Amino acid sequence: MQKVNEHTNQRQVASIVNQLASQFDGTTGSFSLANSATTTTVSNSKVTTISKVILQPRNTNAASAGAYISSISNGSFVVGHPSATTVRTFDYVVFGV
């Protein structure tokens, strides 16, 4: 990504702001952990091997689920968790796209 060298150059500033904004397009989402399984794969085309994924529980069951990111690859990440049959929903945000 380029940096602003001339802050009075409106075209350069607009270009950089648009680059920043495009990094956050499609980098958030929600998912529920798979029931009776110990992993859940979440697909998102913005995810790369250098991404950082942050999870946020959406309900009490999710808050106590013991979920963690077990692997990240281009286009998806895998969440490890104990097997259960309750609804455990998370929001996520991806950084480093």
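A nonpolar core here means a set of buried residues of the kinds Ala, Val, Leu, Ile, Met, Phe, Trp, Tyr and Cys, joined through side-chain atoms within 4.5 Å. Keep that in mind as we walk through this structure, which is a predicted model.

Let's start with the overall layout. The protein has two helices and six strands, and from the N terminus on, its elements go α-β-β-β-α-β-β-β. As for dimensions, the C-alpha trace spans about 55 × 25 × 15 Å along its principal axes. The radius of gyration is 17 Å, whereas a compact globule of 97 residues would come in near 13 Å. Of those 97 residues, 25% count as buried. The accessible surface adds up to about 6100 Å², and carbon and sulfur atoms own 52% of that. If you look at contacts with a separation of 6 or more, 67% of them are between residues 24 or more positions apart.

Now for the inside. The largest nonpolar core is made of twelve residues: Phe31, Leu33, Val42, Val47, Val53, Ala62, Ala65, Phe77, Val79, Phe90, Tyr92 and Val94. Two elements give two or more residues to this core, namely strand E5 (76-80) and strand E6 (89-95). E6 gives the most, with three residues.

Val47 is a handy core member to click on. Setting aside neighbours within four places in sequence, Val47 is in contact with Ile72, Ser73, Asn74, Gly75, Ser76, Phe77 and Val94. Two of these partners, Phe77 and Val94, are themselves on the list of core residues.

Back to E6, this time for its strand pairing. Strand E1 (residues 28-32) pairs with E6 in the antiparallel sense, over five bridges. Within E6, Tyr92 is the bridge partner of Gly29. Strand E3 (residues 52-57) also pairs with E6 in the antiparallel sense, here over six bridges. Opposite Pro57 in E6 stands Phe90. So which strands have we seen pairing with E6? Both E1 and E3.

The rings deserve a visit too. A pair of aromatic rings is described by the distance of the centres and the angle of the planes. The count of aromatic pairs comes to four. Take Phe31 and Phe77: their rings sit 6.1 Å centre to centre with 80° between the planes, an edge-to-face pair. This pair links distant parts of the chain, with Phe31 in strand E1 and Phe77 in strand E5, 46 residues apart. Both Phe31 and Phe77 are buried.

Phe31 has another ring partner in Tyr92. The centres of these two rings are 6.1 Å apart and their planes stand at 50°, so the pair is tilted. Why tilted? The label covers planes that are neither under 30 degrees apart (stacked) nor over 60 (edge-to-face). Phe31 lies in strand E1 and Tyr92 in strand E6, so this pair ties together parts that are 61 residues apart in sequence.

Are Phe31 and Tyr92 buried or exposed? Buried means under 20% relative accessible area. Phe31 has a relative accessible area of 9%, so Phe31 is buried. Tyr92 counts as buried because its relative accessibility is 7%.

Finally, step back from the individual pairs: Phe31, Phe77, Phe90 and Tyr92 form one aromatic cluster. These four residues also appear in the twelve-residue core.

Key: Residues numbered from 1 in each chain as written. Predicted model: local features only at pLDDT ≥ 70, side-chain atom pairs only at ≥ 80, totals over all residues. Heavy atoms only, no water. Buried < 20%, exposed > 50% of the residue type's maximum accessible area, 1.4 Å probe, protein only. Helix = DSSP H or I, 4+ residues; strand = E, 2+ residues; numbered from the N terminus. Contact = heavy atoms within 4.5 Å. Pairing = 2+ DSSP bridges. Phe/Tyr/Trp six-rings, centres within 6.5 Å; stacked < 30°, edge-to-face > 60°. Rg over C-alpha atoms; globule rule 2.2 N^0.38 Å. Areas by Shrake-Rupley, 256 points an atom, 1.4 Å probe, with all protein chains shown as cover.
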